[in-house]
Each structure stands twice: as C-alpha cells, then as structure tokens.
Amino acid sequence: MTDTTPTTMGTGTSPYSIAHLRHVPRRHYGRWVAAALILLALAAIVKAFAEGQIAWPVVGQFFTAPAILSGLANTILMTVCAMALGIALGVVFAIMVMSPNPVLKTVAVGYIWFFRGTPLLLQLLLWFNLALVFPTIGIPGLLEGRTVDLITPFVATLLGLGINQGAYTAEVVRGGILSVDLGQTEAAKAIGMTRLVALRRIVLPQAMRVIIPPIGNEVISMVKLTSVASVIQYAEMLRNAQTIYYANARVIELLIVAAIWYLVVVTVLSIGQHFLEKRFARGRGDNRAKRTVVIDQPKEA
C-alpha cells in the first residue's frame with residue numbers, strides 16, 4: 001500500500017507549502033497603454049484648440065455679454081417651468097395609467113404613446129404653428145383670443161418641452177410606484193386611507209428614492225433640450241449666441257461661450273442632484289444594517 005502522506009523537506013516545510021513564495025503584483029500593461037493613448041488624444045485636442053484660429057480674447061469678451069446672460073436666464077427659466085409642468089403631468093398620467101378606470105387608463109396610454117413617439121422638434125413646430133389649425137382659442141362668445149397672439153415662442157416652447165417631458169416622467173413615476181411593496185398600500189387601506197391618500201402619504205414618499213435619479217437626469221437633459229427651441233425663435237442662450245455670430249462672424253468663439261455656460265449649469269445641477277439623492281436615501285443603509293444584525297444573531301437554545 002502506497003503512503004500518500006506529504007513528506008517534509010530538509011528545511012522542515014511541506015512540499016505543498018506556499019509560504020516561501022513571493023507575491024508579485026499583476027502587471028496591467030493594457031491599462032498603461034490605454035491611459036497613454038488617452039493622454040495623447042487629449043494633448044492633441046488641446047494643441048488643436050490652442051493653435052487653431054480661435055480668438056480667445058473674444059471668448060472672454062462675450063462670456064458675460066448682456067445678450068448671453070439674458071439667454072442663460074431664459075434657458076434656466078424655461079428649464080424650471082418645463083420641468084415643473086412635466087413633473088405635474090407625469091404624476092397625473094402615471095396615476096391614470098395605473099387606474100382601474102379603463103377610460104383614464106386609455107387616455108394616459110394614448111398621451112404617452114403620442115408624445116414619446118413623435119420628435120420633440122416636430123412638437124415644437126406644431127405648437128408654434130397652432131394658429132394654422134385653430135385661428136382663435138378660448139370660449140366662443142365669452143373669452144376668445146387670436147392664437148397667433150397667445151402662442152408666443154415662450155408659450156410654444158413651454159408647451160412643447162413640458163408636455164413632451166410629462167410623457168417620459170409618467171413612466172419614471174410609474175416605475176417608482178411599482179418599486180414600493182404592495183403591502184404598503186394594503187396596510188394603508190386597512191387603516192381607512194383611500195387609494196389617493198395612500199398614494200400621496202405612503203407610496204410616493206417611498207418611491208422618491210427611485211424617482212429622483214432619473215428625474216435629475218431629465219432636468220439636466222432639459223437644460224440642453226432648450227437649445228432646440230432656437231428654431232422657433234425663443235431667445236435662449238444658443239439662439240442669442242447665433243444672433244451674435246451672425247453679426248460678427250465669430251462662430252467658434254460664441255459656440256465655446258455657450259458650451260462653457262452649459263457645462264457650468266449642468267455641473268451645478270449635478271451637484272444638487274447628488275445631495276438630493278443622498279437626502280432621500282437616508283435611513284436605507286441603516287435599515288439594511290439592522291436587518292443584517294437581526295439575521296446574523298444566533299438563536300438562543
């Protein structure tokens with residue numbers, strides 16, 4: 001019978017021991033190559049901008065120009081107004097989609113289908129040219145007005161961006177509501193709450209943790225989407241920058257000015273989104289830790 005017991009070497013260690021081996025870190029040569037290529041590409045881009053035909057003093061001159069700052073204010077104003085309208089519509093239509101009423105559900109599904117299925121630019125142009133379909137708006141004989149006077153570039157942009165945003169927000173809110181355990185709604189009904197009261201006081205506060213991140217991304221996207229409104233003459237930042245470079249032919253300089261301001265606004269909003277997410281996530285980690293402690297506790301004999 002063969003003895004398979006490991007024998008010891010002259011040093012008194014087992015031949016299967018790895019204690020004498022030296023740890024050699026793994027070399028990630030691919031990472032170094034990739035990093036070098038990225039740095040070279042960035043250096044080439046910086047060199048191109050530094051040596052290109054860009055009048056950087058003009059960038060500084062127009063960075064705080066009244067027309068640019070006015071356009072920036074209009075961009076921020078439109079972002080706030082359109083998102084407020086979009087969130088309000090999104091909550092309403094998300095509730096309608098989940099309603100047991102077939103009429104409300106059909107209307108909500110049709111709204112989401114249409115405004116998510118057509119391009120935003122097309123919707124803006126439709127709102128801006130609404131007077132071709134409805135010459136007047138209002139209650140006939142009581143309160144009427146010419147559509148061409150009522151649908152200004154600001155109103156057309158607000159309706160186009162806000163209503164379009166509402167269709168996307170409805171799906172975000174619906175996903176947040178579905179993320180809340182059904183038992184929360186059943187418990188609320190058990191203590192006498194109506195469906196809407198339970199939704200407002202129990203479900204939506206818990207769903208905010210899921211809703212906030214995508215809504216934050218939508219706000220950031222809205223800042224950039226306002227630039228599309230330049231086609232219907234809304235005086236947002238890109239529109240004003242275009243007006244200036246049409247006059248002085250400093251195209252790239254004015255575009256750089258607009259790009260820097262967009263980056264500044266998006267950076268501020270991203271920081272705000274981070275802290276907002278952190279606030280609504282409070283207690284989640286603590287609760288998970290408590291559940292872990294309870295699970296890991298040994299059972300008493």
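Two residues are said to be in contact when heavy atoms of one lie within 4.5 Å of heavy atoms of the other. With that in mind, and remembering that the model on your screen is a predicted one, begin the tour by selecting V173. Leaving aside its neighbours within four places in sequence, V173 is in contact with G90, V91, A94, L204 and I211.

**The nonpolar cores**

Keep V173 selected and add L161, I177 and I211, since these four are the residues with the most contacts inside the largest nonpolar core, which has 24 residues. If you then colour the helices α3, α5 (120-128), α7 (153-178) and α9 (195-225), you will have marked elements that each supply at least two residues of this core. The largest share, seven residues, comes from α9. Next select V59, A65, L72 and L238, which are included in a second, separate core of 21 residues.

**Where α3 meets α9**

Now show helix α3, residues 66-97, and stop at T75, which lies within it. Is T75 buried or exposed? Its relative accessible area is 2%, and because buried means under 20%, T75 counts as buried. Apart from neighbours within four places in sequence, T75 is in contact with V223, T226, E236, M237 and Y262.

Bring α9 back into view beside α3, and turn the model until you can follow both helices: their axes come within 11 Å and cross at roughly 140 degrees, and the crossing in which α3 passes α9 is right-handed. To see the residues that meet there, select T75, T79, A82, M83, I87 and I95 on the α3 side, and R195, L196, L199, I215, E218, V219, M222 and V223 on the α9 side. Sorted by class, this contact has ten nonpolar, two polar and two charged residues.

**The aromatic rings**

A search of the whole structure finds six aromatic pairs, and a good next selection is F93 together with Y111. How are the rings of F93 and Y111 arranged? Their centres are 4.0 Å apart and their planes stand at 15 degrees, so the pair is stacked. This pair links distant parts of the chain, with F93 in helix α3 and Y111 in helix α4 (residues 102-117), 18 residues apart. F93 counts as buried at 13% relative accessibility, and Y111 is buried as well, with a relative accessible area of 10%.

Stay on Y111 and add F115, whose ring centre is 5.1 Å from that of Y111; the planes of the two rings are at 55 degrees, so this pair is tilted. Because Y111 and F115 are four residues apart in helix α4, about one helical turn separates them. F115, like Y111, is buried. Finally add F114 to the selection, and you will have F93, Y111, F114 and F115, which ring pairs link into a cluster.

**Two stops in the loops**

Most residues other than glycine have a negative phi, and the last two stops depart from that pattern. Select Q233, found in the loop between α9 and α10 (237-248); Q233 is not a glycine, yet it has a positive phi of about 70 degrees. Then move to A249, in the loop between α10 and α11 (251-280), where phi is again positive, at about 65 degrees, although A249 is not a glycine. Is A249 buried or exposed? Its relative accessibility is 61%, and because exposed means over 50%, A249 counts as exposed.

Definitions and conventions: Residues numbered from 1 in each chain as written. Predicted model: local features only at pLDDT ≥ 70, side-chain atom pairs only at ≥ 80, totals over all residues. Heavy atoms only, no water. Buried < 20%, exposed > 50% of the residue type's maximum accessible area, 1.4 Å probe, protein only. Core = buried A, V, L, I, M, F, W, Y, C linked by side-chain atoms within 4.5 Å. Axes fitted to C-alpha atoms, helices over the stretch in contact; angles between N-to-C directions. Left-handed = near helix turned anticlockwise from the far one by under 90°. Nonpolar A, V, L, I, M, F, W, Y, C, P; charged D, E, K, R; others polar. Phe/Tyr/Trp six-rings, centres within 6.5 Å; stacked < 30°, edge-to-face > 60°.
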